[in-house]
Every structure is written in structure tokens, then in C-alpha cells.
Amino acid sequence: LTIGISLVILIAIFIAKGIYPFGHNSLIYSDMYDQITSYYYYFYDAIRGGTNSLFINFNAANGVNFFGIIAYYLLNPFSLLILLVERSKIYLFISVIIALKIILCNITCLYMIKKLFKK
């Protein structure tokens, strides 16, 4: 029921706002456009292209250690779903990843409530 309610709410929002896959808009705004989206592109290029190092980026700020960024932003199973879409669709597919994370948060919250408050 929790998954169903979450899906209905998210699908209604996605349809109303024309968010991918029901349109060409995205949930990306503010820092997400400048930071997280570029990390997903870099992650995609490092895995699929094989030309970049996954942990160090020499193209930004004279060399940036990406280990902290990977651990904070990209180290979850949903980030690997980026590899299933075309590179040109990454900025749209991030909306799907956000929706999946919200649904997982709802399921986790439900589990913890049931575990902590058995009555």
C-alpha cells in the first residue's frame, strides 16, 4: 500500500508537471544542475567510456579527488541505473532515480515504524 500511494502521488506530480517519462522536464534545479548532474555524467563516462579515472578528475580545479563525491552522491544501487540509459537522457533519468529513492525511503520508514512500534 505504501508503494502504491507513493507511486500514485509521484506519477500524478510527474504528469501534471510534464516530468520525464511523461514529458521533457526534469526535477533538476539549483545545485543539482551544476553539481549532481555533472557527477552522473562523469560517472557514466568513467564507466562506459573508460577514459576517465573514477576517483580523480584532472579537468576540474587542478585535480579533484572524487572518492568523497562518489561516497556521498553516487554510491547507491540506483546510480548504476544511469548506465542503462543513453548519455543524452541522463539529466531526464535523474527524476526516475529520485522517485525510486523516495519510494525506498517510504518503505524503510514503514519497516522501522512497524519494528519500533509493534502495537
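Trainee: How many disulfides does the structure hold?

Mentor: This is a predicted model, where local features need pLDDT of at least 70, side-chain atom pairs count only at pLDDT 80 or more, and totals for chains, interfaces and linings use all residues. Residues are numbered from 1 along each chain as its sequence is written, and side-chain values use heavy atoms, with hydrogens and water left out. A disulfide is a pair of cysteine sulfur atoms within 2.5 Å. The count of disulfides here is zero.

Trainee: Why is cysteine 109 not bonded to cysteine 105?

Mentor: Cysteine 105 is in no disulfide. For cysteine 109, the closest cysteine sulfur is that of cysteine 105. The pair is too far apart for a bond because the sulfurs are separated by 8.9 Å.

Trainee: Does cysteine 105 count as buried or exposed?

Mentor: Buried means under 20% relative accessible area, exposed over 50%, and partly exposed in between (1.4 Å probe, protein chains only). Cysteine 109 has 43% relative accessibility, so cysteine 109 is partly exposed. Cysteine 105 has 52%, so the term for cysteine 105 is exposed.

Trainee: Which helix gives the largest share of the nonpolar patch?

Mentor: The patch is made by Ile3, Leu7, Ile11, Ile15, Phe22 and Ile107, and covers about 500 Å². Patch residues have over 30% relative accessible area and no salt bridge (a side-chain nitrogen of Lys or Arg within 4 Å of a carboxyl oxygen of Asp or Glu); nonpolar side chains (Val, Leu, Ile, Met, Phe, Trp, Tyr) are joined within 5 Å. Helices are DSSP runs (H or I, at least four residues), numbered from the N terminus. Four patch residues come from residues 2-17, helix α1.

Trainee: Leucine 7 lies in helix α1, and so does serine 6. Is serine 6 buried or exposed?

Mentor: Leucine 7 is partly exposed, at 37% relative accessibility. Serine 6 touches Ile103 and Asn106 (contact means heavy atoms within 4.5 Å), not counting residues up to four places away in sequence. The relative accessible area of serine 6 is 8%, so serine 6 is buried.

Trainee: Which backbone oxygen does the side chain of serine 6 reach?

Mentor: A polar contact is a pair of N or O atoms within 3.5 Å; within protein, one must be able to donate a hydrogen and the other to accept it, and residues adjacent in sequence count only if both atoms are side-chain atoms. At 2.9 Å, the partner is the backbone oxygen of threonine 2.

Trainee: Which backbone nitrogen of a serine does the side chain of asparagine 76 reach?

Mentor: Asparagine 76 sits in the loop between α3 (67-74) and α4 (90-116). A polar atom of its side chain lies 2.9 Å from the backbone nitrogen of phenylalanine 78. The asparagine 76 side chain also reaches, at 2.9 Å, the backbone nitrogen of serine 79.

Conventions. Helix = DSSP H or I, 4+ residues; strand = E, 2+ residues; numbered from the N terminus. Patch = residues over 30% accessible without salt bridge, like charges linked within 9 Å, V, L, I, M, F, W, Y side chains within 5 Å. Areas by Shrake-Rupley, 256 points an atom, 1.4 Å probe, with all protein chains shown as cover.
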